[in-house]
Amino acid sequence: MTTARGATLQALVLGLASLSGCGVLALTHDKMLGPVSPAGRIHSVVVSNDYIVTERGLVGVGDERDQPLFRPIPPGFPRRYAEPASMVKGLRGAMAFLRGLSFVVWGRTHTGRVLPEDALTVLRKGITAAEVLAALGTPSLWLRRKGGSLMGYRAEVGTFLSVSLGLPPLADQFVPIPGLGNIRIRWHYNIIKPYKTLLVFDAQERLVAWFRNDPDASERRLEQEATR
Amino acid sequence: MRNFLAALATAALSGCTLTTEWRGDPGFLLEGTRSANAAEPSTDPTAAWEVGRTTLREVLRDVGPPDEILRRGRELWLVYRYRYRKARELRLVAYGGQFFRWYDGKDVDSMVVVALDPEDRLLYVGRGRYAGDRGVLGVLLDR
């Protein structure tokens, strides 16, 4: 009697295991039949749709494009392609296209905020980190060390200028004169300067030193070295 | 004759691209940029650096703030980087295909890593493979 009960229990456990979301049968069913199966995706129902099991444990699945089987269009197509992030990407693509067609392109790029000179006048030894934050704003980095901390502000300013004489890249394809696309002279100049300020605090969060770079002085110095 | 020379000059420059790009502050590559007194002769600011003695503040005083600060285990890395590219290129294209290309360029990708221990004292200095020959920190690296 006991043996019969044990065998039944074992069969039940095996059956449940084979039908569970992570079982071989369930995964094979999901892979082979997937969305067209009347049972749907067993693994998604059991384990949930938002996680998959990897060697690193449970990992969230945030991208709906990971489930594209038998779908005529990607899931959430109108919503995803109408969201602002997609608009920004489209705008960047259009700008790159227009730049390719333009004879002269000049522009500046900014990453971060360059600290103004007058803001740095508040810096003096002994002021607290709170006072620095109030005067300079949020830092790019604040790193605690054994004997104090480091607070860094960083910004990049880029300047680019491109001058192109000749037919635009695509236009020469429509003019049936061989070699016409060769008649093109292009001059491209791109400089990205970092503006860095690093403040050193002691263990009591009092400012003990600060350092700032001057990329313009370095550039002048480099030119002097090059012409020496 | 003048028209011929103009046509010749145009033909010589056709398909030519001149590019100048740089990114970063090359201050850490230049000797003596942090000299407090401009009247003093240029000196290598890292010449006085000593492993186990030189402090974080002395490094910052000599070569300025880094581009990146990283924690690597118990070490603190100050990363300085400067990239420079100057190139001349000539391409001849016909029927949508490129049949000649000449490129003359100079690429410099200089990176210096200054490692400090938990007490903020110098452990070692590493330099990227393509660092410029004039890197002031080469003095330490060659020891």
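This report walks through how chain A and chain B meet in a predicted model.

## The interface at a glance

Let's start with the overall numbers. On the chain B side, 44 residues make contact with 41 residues of chain A. Putting the two chains together buries about 3,600 Å², and carbon and sulfur atoms give 55% of that area. Three residues stand out on chain B: Trp22(B), Arg57(B) and Pro65(B) supply 18% of the area that chain B buries against chain A, more than any other three residues.

As for polar links, 18 residue pairs are in polar contact between chain B and chain A, counting pairs with both residues at pLDDT 80 or more. Several elements of chain B pitch in with at least two residues each on the side that touches chain A: α1 (2-13), β1 (16-24), α2 (56-63), β2 (68-72) and β3 (75-94). The largest share, nine residues, comes from β1(B). Sorted by class, this side of chain B has 18 nonpolar, twelve polar and 14 charged residues.

## A strand pair across the chains

β1(B) also pairs with a strand of the other chain. Its partner is β6 (residues 184-202) of chain A, and the two run in the parallel sense over eight bridges. Within this pairing, Ile191(A) sits opposite Trp22(B), and Trp22(B) is one of the three residues named above for their buried area.

His188(A) is another residue of strand β6 of chain A. Is His188(A) buried or exposed? With a relative accessible area of 15%, His188(A) is buried, because the cut-off for that is under 20%. Beyond its close sequence neighbours, His188(A) is in contact with Leu161(A) and Ser162(A) in its own chain, and with Leu18(B), Thr19(B), Thr20(B) and Glu21(B) across the interface.

## The chain B hairpin and its salt bridges

Over in chain B, strands β4 (residues 97-116) and β5 (residues 122-127) run antiparallel, joined by five bridges. Val114(B) stands opposite Val125(B) here. The hairpin has five residues between the strands, and Asp120(B) takes a positive phi near 60 degrees.

Asp120(B) reaches over to chain A too: its side chain meets that of Arg145(A) in a salt bridge (2.7 Å, N to O). The pair runs from strand β4 (residues 141-145) of chain A to the loop between β4 and β5 of chain B. Both partners are buried, Arg145(A) at 12% relative accessibility and Asp120(B) at 16%. Glu119(B) makes a salt bridge as well, with Lys146(A) (2.9 Å, N to O).

## Asp67(B) and a charged network

Five salt bridges link chain B and chain A, out of 15 over all chains. Which residues of chain A pair with Asp67(B)? One is Arg154(A), with the closest N and O atoms 2.9 Å apart. Arg154(A) lies in strand β5 (residues 148-166) of chain A and Asp67(B) in the loop between α2 and β2 of chain B, so this bridge joins two chains. Lys196(A) also forms a salt bridge with Asp67(B), at 3.3 Å (N to O); Lys196(A) is in strand β6 of chain A.

How accessible these partners are varies by residue. Lys196(A) is buried, at 4% relative accessible area, and Asp67(B) is buried at 13%. Arg154(A), at 28%, counts as partly exposed. Shared salt-bridge partners tie Arg154(A), Glu156(A), Lys196(A), Arg23(B) and Asp67(B) into one network.

Notes: Residues are numbered from 1 along each chain as its sequence is written. Chains are lettered from A and ligands numbered from 1 in the order in which they are written. This is a predicted model: local features need pLDDT of at least 70, side-chain atom pairs count only at pLDDT 80 or more; totals for chains, interfaces and linings use all residues. Side-chain values use heavy atoms; hydrogens and water are left out. Contact means heavy atoms within 4.5 Å. Buried area is the accessible area (1.4 Å probe) that two parts lose on being put together, summed over both. A salt bridge is a side-chain nitrogen of Lys or Arg within 4 Å of a carboxyl oxygen of Asp or Glu. A polar contact is a pair of N or O atoms within 3.5 Å; within protein, one must be able to donate a hydrogen and the other to accept it, and residues adjacent in sequence count only if both atoms are side-chain atoms. Helices (H or I, at least four residues) and strands (E, at least two) are DSSP runs, numbered from the N terminus. Ala, Val, Leu, Ile, Met, Phe, Trp, Tyr, Cys and Pro count as nonpolar, Asp, Glu, Lys and Arg as charged, and the others, Gly among them, as polar. Two strands pair if DSSP finds at least two bridges between them. Buried means under 20% relative accessible area, exposed over 50%, partly exposed in between (1.4 Å probe, protein chains only). Lists of a residue's contacts leave out its neighbours within four places in sequence.
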